[in-house]
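Please open the structure in your viewer and keep the selection tool at hand. The tour below proceeds selection by selection and describes what is found at each stop.

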Amino acid sequence: MSSQLSNYTLLGADKTKEMLKLFKGIRTGWVQVGEKKWFFPYRYTEEAEEFYNFKPRPSDTWIISYPRSGTTVMQELIWLLSNNLDFETARKKKLAERFPFLERSMINDPAVIAEFVKRNEGNLEKRAVCESLPRPAYEVLEGLSSPRFIKTHFSLSLGPRILDSGSKIIYIARNPKDVVVSWYKMNKFTVTHGYIGDFPTFWNLFKNDLTHWSPYWEHVKEAWAQRNQPNFLFIFYEELSADLLFVCKKVANFLGKNYSENQLTELLNHLNIEKFRKNPMVNLNDLYECGIFLSSMVFIGKGKTGNWKEFFSADMEKEADEWIAQNLKDTDLVFPTTNTKGNCQ
Ligand code: A3P
């Protein structure tokens with residue numbers, strides 16, 4: 001086992017007590033892993049070795065991101081570009097099955113999910129959905145034939161050893177102000193997280209690296225450092241939201257695929273957020289149906305850059321700007337920053 005994995009500490013007792021009052025879907029507390037203090041629910045420790053030892057294949061394609069950075073739209077885009085724009089399959093097979101989430105079981109505590117199984121007892125289909133959530137995706141993935149498509153929110157240094165595996169890796173990053181707003185909503189409306197605090201409190205937790213998969217900056221910077229590797233593509237959500245066609249072409253080129261303008265127009269139409277939001281294969285309808293997502297949860301939201309302005313007070317904005325400047329100081333990482341696109345500074 002990697003020394004990093006065994007080097008974890010339980011979040012301090014006082015902080016745990018405080019946070020358990022805020023996250024009603026978390027029962028067993030949190031851990032901080034390795035020197036960078038990657039932040040996870042305690043369940044991580046029970047599966048850490050399996051995650052770390054998961055065997056990537058050269059034919060795999062990975063999407064890696066900090067949550068709420070545009071992962072889902074990139075998954076669909078990558079899968080379609082890699083599969084001859086097979087819209088027919090994309091329209092009938094769930095994205096979560098075509099492109100499994102490696103550590104999904106980590107955020108679905110069996111004890112919590114058992115309550116949902118009970119709640120959905122009378123409906124076999126919904127019950128089966130709930131029962132599937134704590135099952136390890138790494139076992140499912142091991143049984144899949146190549147080429148596989150895999151989603152993870154693990155940082156490069158903590159997840160499976162993919163950098164030298166020959167797998168193709170696409171990383172998507174989004175400015176932290178929009179990430180934290182989108183992440184706040186998801187934590188609030190996903191009952192298995194069950195966040196009941198306000199946005200300023202959530203912002204403080206995020207800034208202090210106390211939300212799942214944090215620290216945000218280490219996550220992004222580790223990927224940024226790899227951006228020139230031949231098997232690595234770094235994309236900003238802000239690029240995608242400003243010019244989806246450009247990003248489609250960039251990803252197609254990275255994957256070694258060539259499509260006509262007409263085909264790409266069809267792809268753009270399929271990925272258009274208004275249409276995407278209504279697409280039951282990508283928007284996790286079954287989680288709404290079982291009550292894991294509250295109806296107020298918007299898994300695919302407005303998808304706007306700059307949405308953070310509705311949530312940050314002037315003081316919080318100042319604080320965030322200082323925090324961003326501080327964290328960008330020693331790097332050449334620059335988020336896209338025009339007034340309408342990717343303005344995070
Ligand atoms: P908002 O909550 O700001 O609207 P992830 O897939 O990593 O969870 O990221 C979710 C964010 O991506 C959400 O942002 C969501 O609206 C946005 N998104 C999802 N599909 C999109 C699409 N087709 N085009 C643009 N943005 C999209």
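The following stops visit strands, loops and helices in turn. Please note at the outset that this is a predicted model.

**Stop 1: strands 1, 2 and 3**

Select residues 30–33, which form strand 2. Which residues of strand 2 are buried on each side? Trp 30 and Gln 32 are buried on one side, and Val 31 and Val 33 are buried on the other, so both faces of the strand are covered. In a regular strand the side chains alternate between the two faces of the sheet.

Add residues 8–10, which make up strand 1. Strands 1 and 2 run antiparallel and are joined by three bridges. To see one pairing, display Thr 9 together with its bridge partner in strand 2, Gln 32.

Next, add strand 3, residues 38–41. Four bridges pair strand 3 with strand 2, again in the antiparallel sense. Here Val 31 stands opposite Phe 40 of strand 3. Between strands 2 and 3 lie four residues, and the two strands form a hairpin. Gly 34, in the turn, has a positive phi of about 70°.

**Stop 2: strand 4 and its partners**

Move to residues 61–65, strand 4. Five of the five residues of this strand are buried, so strand 4 is largely enclosed by the rest of the structure. On one side are Thr 61, Ile 63 and Ser 65; on the other are Trp 62 and Ile 64.

Now display strand 5 (149–152) and strand 6 (168–173). Strand 4 runs parallel to strand 5, with four bridges between them, and Ile 63 stands opposite Lys 151. Strand 4 also runs parallel to strand 6, with five bridges, and Ser 65 stands opposite Ile 172.

**Stop 3: the loop between helices 4 and 5**

Select Asn 84, which lies in the loop between helix 4 and helix 5. Leu 85 lies in the loop between these helices as well. Asn 84 has a phi near 55°, and Leu 85 has a phi near 50°; each is a positive value in a residue other than glycine. Are these residues buried or exposed? Asn 84 is exposed, with a relative accessible area of 66%, whereas Leu 85 counts as buried at 9% relative accessibility.

**Stop 4: two cis peptide bonds**

Select Ser 146 and Pro 147, which are joined by a cis peptide bond with omega of about -5°. Pro 147 lies in the loop between helix 9 and strand 5. Then select Ser 214 and Pro 215, where the peptide bond is also cis, with omega near 5°. Pro 215 is found in the loop between helix 11 and helix 12.

**Stop 5: helices 11 and 18**

Select residues 199–207 (helix 11) and 314–328 (helix 18). The helices pack at an angle of about 10°, and their axes are 12 Å apart. This angle makes helix 11 roughly parallel to helix 18. The residues in contact include Trp 203 and Phe 206 of helix 11, and Met 316 and Trp 323 of helix 18. By class, the contact has seven nonpolar, no polar and two charged residues.

**Stop 6: helix 15**

Finally, select residues 261–271, helix 15. Its buried residues are Leu 264, Leu 267, His 270 and Leu 271. Viewed down the helix axis, these buried residues fall within an arc of 115°, so they line one face of the helix. They pack against helix 4, helix 5, helix 14 and helix 16.

How values were computed: Residues are numbered from 1 along each chain as its sequence is written. This is a predicted model: local features need pLDDT of at least 70, side-chain atom pairs count only at pLDDT 80 or more; totals for chains, interfaces and linings use all residues. Side-chain values use heavy atoms; hydrogens and water are left out. Buried means under 20% relative accessible area, exposed over 50%, partly exposed in between (1.4 Å probe, protein chains only). The arc is that of the directions from the helix axis to the C-beta atoms. Contact means heavy atoms within 4.5 Å. Axes are lines fitted to C-alpha atoms, for helices over the stretch in contact, and angles run from 0 to 180 degrees between N-to-C directions. Angles under 35 degrees count as roughly parallel, over 145 as roughly antiparallel, 65 to 115 as roughly perpendicular and the rest as oblique. Ala, Val, Leu, Ile, Met, Phe, Trp, Tyr, Cys and Pro count as nonpolar, Asp, Glu, Lys and Arg as charged, and the others, Gly among them, as polar. Two strands pair if DSSP finds at least two bridges between them.
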